[in-house]
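Hello,

Here is the structure you will be working with. Please open it first, then read the notes below it.

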Amino acid sequence: VKSPNRYGYASATTVLKAIAAAGDFTDFARKTKVMVVRSNGRIETENCIKALQDPKIDLPVYPGDLINVPRKKSPFQR
């Protein structure tokens with residue numbers, strides 16, 4: 001994301017809304033493998049490209065959750 005940081009939990013939100021609040025995706029974001037680490041340690045993965053098309057699959061975010069947007073793989077990586 002463009003402005004990675006900790007953000008306070010004000011009300012019910014989703015992964016896409018939280019990413020938008022953090023300045024949206026960078027050009028290097030791997031939008032298909034966004035990870036949500038729940039406060040209990042469980043990890044869920046969201047395909048944000050599909051979630052943009054179908055908001056029902058956009059995961060909710062709760063207090064204590066961490067959202068990790070990985071970088072795209074370089075064409076030189078294996």
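**The loop between β4 and β5**

P63 sits in the loop that runs between β4 (60–61) and β5 (66–68). The structure is a predicted model, and everything in these notes is computed from it.

Leaving aside neighbours within four places in sequence, P63 is in contact with Y9 and S39. V15 is 48 residues away from P63 along the chain, and their C-alpha atoms are separated by 12 Å.

D65 is found in the loop between β4 and β5 as well. Is D65 buried or exposed? Its relative accessibility is 17%, and the cut-off for buried is under 20%, so D65 counts as buried. A polar atom of the D65 side chain lies 2.8 Å from the backbone nitrogen of Y62. Not counting residues up to four places away in sequence, D65 touches V36, V37, R38, S39 and P60. S39 therefore appears in the contact list of P63 and in that of D65.

**Strand β1**

T14 lies in strand β1, which covers residues 13–14. With a relative accessibility of 17%, T14 counts as buried. Which residue does the side chain of T14 meet in a polar contact? The partner is the side chain of D58, at 2.6 Å. D58 is also one of the residues in contact with T14 once neighbours within four places in sequence are left aside; the others are L59, P60 and V61. P60 is thus listed for T14 and for D65.

**The two helices and what lies by them**

I49 lies in helix α2, residues 48–53. At 41% relative accessibility, I49 counts as partly exposed. I49 touches K31 and T32, not counting residues up to four places away in sequence. T32 is 17 residues from I49 along the chain, and the C-alpha atoms of the two are separated by 6.3 Å.

D24 is in the loop between α1 (15–21) and β2 (34–37). At 38% relative accessibility, D24 counts as partly exposed. What is the phi of D24? The value is near 75 degrees, which is positive, and D24 is a residue other than glycine. Most residues other than glycine have a negative phi.

**The protein as a whole**

How many helices and strands are there? The protein has two helices and five strands. Read from the N terminus on, the elements run β-α-β-β-α-β-β.

The C-alpha atoms fill a box of roughly 40 × 25 × 25 Å, taken along the principal axes. A compact globule with 78 residues would have a radius of gyration near 12 Å; the protein has 12 Å, so the two agree.

Of the 78 residues in the protein, 27% are buried. The protein exposes about 5800 Å², and carbon and sulfur atoms supply 53% of that area. Among contacts between residues at least 6 apart in sequence, 53% join residues at least 24 apart.

The protein has 14 positive and 7 negative charges, and the mean positions of the two groups are 7 Å apart.

To find your way around, start with T14 and its polar contact to D58, then go to D65 and the backbone nitrogen of Y62, and then to D24 with its positive phi.

Regards

How values were computed: Residues are numbered from 1 along each chain as its sequence is written. This is a predicted model: local features need pLDDT of at least 70, side-chain atom pairs count only at pLDDT 80 or more; totals for chains, interfaces and linings use all residues. Side-chain values use heavy atoms; hydrogens and water are left out. Helices (H or I, at least four residues) and strands (E, at least two) are DSSP runs, numbered from the N terminus. Buried means under 20% relative accessible area, exposed over 50%, partly exposed in between (1.4 Å probe, protein chains only). A polar contact is a pair of N or O atoms within 3.5 Å; within protein, one must be able to donate a hydrogen and the other to accept it, and residues adjacent in sequence count only if both atoms are side-chain atoms. Contact means heavy atoms within 4.5 Å. The radius of gyration is taken over C-alpha atoms; the globule rule is 2.2 Å times the number of residues to the power 0.38. Accessible areas come from the Shrake-Rupley method with a 1.4 Å probe; for residues, only the protein chains shown count as cover. Lys and Arg count as positive and Asp and Glu as negative; His and the chain ends are not counted. The place of a charge is taken as NZ of Lys, CZ of Arg, CG of Asp or CD of Glu.
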